[in-house]
Amino acid sequence: MENKPQILQTKSKNTPNKGGKLSINDFEIGRPLGKGKFGSVYLARTKTGHFHCAIKVLFKSQLISGGVEHQLEREIEIQSHLQHPNIIRLYNYFWDAKKIYLILEYAPGGEMYKQLTTQKRFTEAMAGKYMYEIADALSYCHRKNVIHRDIKPENLLIGAQGELKIGDFGWSVHAPSNKRQTMCGTMDYLPPEMVNGNSHSDAVDLWAIGVLCYEFLVGKPPFEHENQADTYSAIKAGRFTYPDFVKKGARDLIGKLLVVDPRRRCSLQEVKDHYWVTSMLDSCRRAAEKQKAERAASLRDH
Ligand SMILES: Nc1ncnc2c1ncn2[C@@H]1O[C@H](COP(=O)(O)OP(=O)(O)OP(=O)(O)O)[C@@H](O)[C@H]1O
């Protein structure tokens with residue numbers, strides 16, 4: 001891990017408690033960043049090197065009473081082995097008698113969900129760029145046989161350059177057999193095969209990013225209904241409509257992801273190569289270059 005202080009290095013055998021080297025005393029704790037079900041997250045920096053990170057503090061008693069110790073163990077095991085620009089790094093972890101501390105990459109842009117709520121919906125250019133980033137991150141995960149299974153705006157953060165970061169691996173699994181039958185995830189993002197209780201594969205993440213793309217552009221998910229039964233039947237039939245303002249290119253991509261038969265969904269590589277995604281990515285890049293040039297010009301003029 002270039003540029004990062006020794007203290008944040010993730011060893012392949014990550015057992016900091018045994019070495020007794022890392023503790024909360026190695027960090028200066030800053031403002032709270034947010035609160036989850038099982039603890040809180042704080043901005044922090046290392047005392048040596050002043051490296052910024054986020055510390056998630058989880059209470060063992062709450063994890064045990066919530067019955068999620070194994071889920072956390074799996075989340076740590078999976079996330080500590082993932083290194084991708086669109087996935088929050090888990091640098092290290094340690095614990096004391098009462099608490100578990102996760103040392104995470106800090107995402108200065110905060111929660112994707114909040115951004116979406118504030119802006120109501122994203123521009124086509126932003127949505128297309130985010131689609132490229134999430135497809136790239138998920139194809140990295142799938143190559144490592146990790147299925148995320150819970151992609152939704154609440155589990156995404158925004159990095160320093162405005163890039164999407166997957167921030168939560170609570171429901172992810174290693175998929176050596178490529179088929180699992182657990183029912184998990186949020187209802188609006190559940191694929192038909194999980195609603196039907198069938199086995200599922202990494203194609204569940206393809207369905208989820210189809211739902212995500214729709215929500216980015218429209219401001220609400222495609223299968224949202226007053227009651228659960230209507231949502232389920234719409235998901236099973238793959239039945240949804242678009243508001244008029246959703247353009248052809250985006251409809252084409254969403255239509256290739258929200259396909260009831262998981263084997264017929266387009267691949268993550270096809271998402272990255274899709275004509276709408278590449279043209280939106282281009283327009284984001286051009287806008288960023290223009291902004292950079294304007295900033296440079298205004299500095300020159302002063
Ligand atoms: N790496 C990070 N960088 C910046 N902010 C973060 C980071 N991780 C978490 N946060 C903030 O802290 C909040 C709480 O995070 P946490 O992961 O504990 O809970 P959650 O996933 O939002 O909720 P739950 O516990 O219900 O799953 C997040 O909503 C986010 O605002």
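Which residue does the side chain of glutamate 105 meet in a salt bridge? In this predicted model, the partner is lysine 165, with a distance of 2.7 Å from N to O. This pair serves as the entry point to a description of how the chain is divided and how its strands are arranged.

The chain consists of domain 1, covering residues 24-105, and domain 2, covering residues 110-287. Between the C-alpha centres of the two domains there is a distance of 26 Å. Contact between them involves 15 residues on the side of domain 1 and 21 residues on the side of domain 2. The size of an interface is often expressed as the accessible area that is lost when the parts come together. For domain 1 and domain 2, the buried area is about 1600 Å², and carbon and sulfur atoms contribute 55% of this value.

Polar interactions also occur across this interface. Seven residue pairs are in polar contact between domain 1 and domain 2. On the side of domain 1 that touches domain 2, the residues comprise five nonpolar, six polar and four charged ones. In general, side chains of opposite charge can pair when their charged atoms come close. One salt bridge is found across the interface of domain 1 and domain 2.

Within domain 1 (24-105), several strands are paired. Strands of a sheet pair through backbone hydrogen bonds, in either a parallel or an antiparallel manner. Strand E1 (residues 27-35) is paired with E2 in the antiparallel sense, and six bridges link the two. Within this pairing, proline 32 has tyrosine 42 in E2 as its bridge partner. The connection from E1 to E2 is a hairpin of three residues.

A further link between these two strands is provided by side chains. Glutamate 28 and arginine 45 form a salt bridge in which the closest N and O atoms are 2.7 Å apart. Because glutamate 28 belongs to strand E1 and arginine 45 to strand E2 (residues 39-46), this pair ties together parts that are 17 residues apart in sequence. In the whole structure, the search finds twelve salt bridges.

Strand E2 also pairs with strand E3 (residues 52-59), again in the antiparallel sense, over seven bridges. Valine 41 is located opposite lysine 56 of E3. E2 and E3 form a hairpin with five residues between them, and glycine 49 in the turn adopts a positive phi of about 90°. Strand E3 in turn pairs with strand E5 (residues 99-104) through six bridges, in the antiparallel sense. In this pairing, leucine 58 is placed opposite isoleucine 100 of E5.

An open sheet of three strands is also present, with the order E6-E8-E9 and antiparallel pairing. Strand E6 (110-111) and strand E9 (164-166) occupy the edges with a single partner strand each, and therefore one side of each has no neighbour in the sheet. The pairing of E6 with strand E8 (residues 156-158) is antiparallel and involves two bridges. Here, glutamate 111 has leucine 157 in E8 as its bridge partner. Strand E9 spans residues 164-166, and lysine 165 is the residue that meets glutamate 105 in the salt bridge described at the outset.

Definitions and conventions: Residues are numbered from 1 along each chain as its sequence is written. This is a predicted model: local features need pLDDT of at least 70, side-chain atom pairs count only at pLDDT 80 or more; totals for chains, interfaces and linings use all residues. Side-chain values use heavy atoms; hydrogens and water are left out. Domain bounds come from an automatic or database domain assignment. Contact means heavy atoms within 4.5 Å. Buried area is the accessible area (1.4 Å probe) that two parts lose on being put together, summed over both. A salt bridge is a side-chain nitrogen of Lys or Arg within 4 Å of a carboxyl oxygen of Asp or Glu. A polar contact is a pair of N or O atoms within 3.5 Å; within protein, one must be able to donate a hydrogen and the other to accept it, and residues adjacent in sequence count only if both atoms are side-chain atoms. Ala, Val, Leu, Ile, Met, Phe, Trp, Tyr, Cys and Pro count as nonpolar, Asp, Glu, Lys and Arg as charged, and the others, Gly among them, as polar. Two strands pair if DSSP finds at least two bridges between them. Helices (H or I, at least four residues) and strands (E, at least two) are DSSP runs, numbered from the N terminus.
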